[in-house]
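Dear colleague,

Please find below the structure I promised to hand over, with its sequence. My findings follow it.

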Amino acid sequence: MATVESFEELSNIGSAEILDDEKVLQAKSAALHALIDELTANGRMSDWEVTLVERVADSLGLRTPDGWLSVEFAYRIVIGQANNGTLPNLDFPSSVLAKRGEVLHANVFAPRLDEVKVKEIVLDQDSASFEFHEGRTIQHGQLRGHEIEVTGTVQQIDQGQLMVTSDRILFIGQKQTVELPLEQLVGMQLFSDGIQYRVSQLEHPPTFATNASNRDYLAAVTRAAVAVSNGEPIIPESNEPPDFPRASDELEALFEDAVQTLGWPEGWVRECR
């Protein structure tokens, strides 16, 4: 959340004798993240909030005609929109044959993981004897033993594109293709570095490695897509801007001073008000 302290820090950066471009970029990014934090306190982002963030980002130079300078901002907006019931519409890759009316909502690279059981053979007592003679090993009798499971380890078994569509979860791997109809999904498990889709009557739920941004992106889009598939789409928040309470005089003075010191456009002050 934007606080007096955060804007005091911006003011201090702006009044430094030598202004470091990287510090300015960090200060601008921190300010925009603070704005997004405030707008998405409930996890959602409505259309007017997206417009506000984009206009502030344009004023700060954090968004260009070619896109966002940091993909993290784009992720936060898409996730907020999905939580508000607005799903992105993407183009299917040429390698995928879409069904009639199917819409692609997410497409990320993701290795597929699975638990691989590690076993070892334990020899039965007195099952074999060995005799060493003149540097050679001579075996008498036969080896007899049994397998025991030592442990299980998660390993990458495939890699490819993981997609969320209006009909299914689709993984196009180098070795296998996995297709999970949305109506069969019963839940998701989120990990610090991955996501698992739980499907009815499937003993080993498919698990994929992702970074935190892709994990949250896939989870938000999947929830919204399943809601639409079930005929109960998420009802978006109002697109009308609310009447914001005016900021305190102290906060407004510090904020405006920081913006002016850094040479940012006055339009940003109006937008953030």
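Helices, which are runs of at least four residues in DSSP state H or I, and strands, which are runs of at least two in state E, are numbered from the N terminus. In that numbering, P93 falls in the loop between α4 and β3 (104–123). Please bear in mind throughout that the model is a predicted one.

Overall composition

The protein chain contains seven helices and 11 strands. It has 273 residues, of which 36% count as buried. Among contacts in the protein chain with a separation of 6 or more, 60% are between residues 24 or more positions apart.

The loop residue P93

P93 has a relative accessible area of 24% and is therefore partly exposed, since that class lies between the limits of 20% for buried and 50% for exposed. Residues up to four places away in sequence aside, P93 touches L104, N107 and M163. For one of these partners, L104, a distance is also available: its C-alpha atom is separated from that of P93 by 9.5 Å, the two residues being 11 apart along the chain.

Packing of helices

Two packed helices are described by the angle between their axes and the distance between the axes. For α4 and α5, the angle is about 20° and the axes are 8 Å apart. α4 is therefore roughly parallel to α5, as the angle is under the 35 degrees set for that class. The crossing in which α4 passes α5 is left-handed. On the α4 side the contact is made by E72, Y75, V78, I79, A82 and N83, and on the α5 side by S213, N214, D216, Y217, A220, V221 and A224.

One residue of this contact, S213, may be examined individually. S213 is located in helix α5, and its relative accessibility of 15% is why it counts as buried. Apart from neighbours within four places in sequence, S213 is in contact with E72, Y75 and I79.

A second packed pair consists of helix α2 (residues 21–39) and helix α3 (residues 47–60), with an angle of about 170° and axes 11 Å apart. α2 is therefore roughly antiparallel to α3. Here K28, L32, L35, I36 and L39 of α2 meet W48, E49, L52, V53, V56, A57 and L60 of α3.

Aromatic pairs

Rings of Phe, Tyr and Trp are taken to pair if their centres lie within 6.5 Å. By this rule there are three aromatic pairs. In one of them, W68 and F73, the ring centres are 5.7 Å apart and the planes stand at 40°, so the pair is tilted. W68 is partly exposed because its relative accessibility is 22%, whereas F73, at 1%, counts as buried.

Another of the pairs is formed by Y75 and Y217, whose ring centres are 5.7 Å apart with planes at 70°, so the arrangement is edge-to-face. This pair links distant parts of the chain, since Y75 belongs to helix α4 (residues 71–83) and Y217 to helix α5 (residues 212–229), 142 residues apart. Y75 and Y217 are both buried. Both also appear among the residues that make the contact between α4 and α5.

Finally, W68 has a charged partner as well: R63 lies over the face of W68, at 5.8 Å from the ring centre.

With kind regards

Terms used
Residues numbered from 1 in each chain as written. Predicted model: local features only at pLDDT ≥ 70, side-chain atom pairs only at ≥ 80, totals over all residues. Heavy atoms only, no water. Phe/Tyr/Trp six-rings, centres within 6.5 Å; stacked < 30°, edge-to-face > 60°. Buried < 20%, exposed > 50% of the residue type's maximum accessible area, 1.4 Å probe, protein only. Lys NZ or Arg CZ within 6 Å of the ring centre and 35° of its normal. Axes fitted to C-alpha atoms, helices over the stretch in contact; angles between N-to-C directions. Parallel < 35°, antiparallel > 145°, perpendicular 65-115°, else oblique. Left-handed = near helix turned anticlockwise from the far one by under 90°. Contact = heavy atoms within 4.5 Å.
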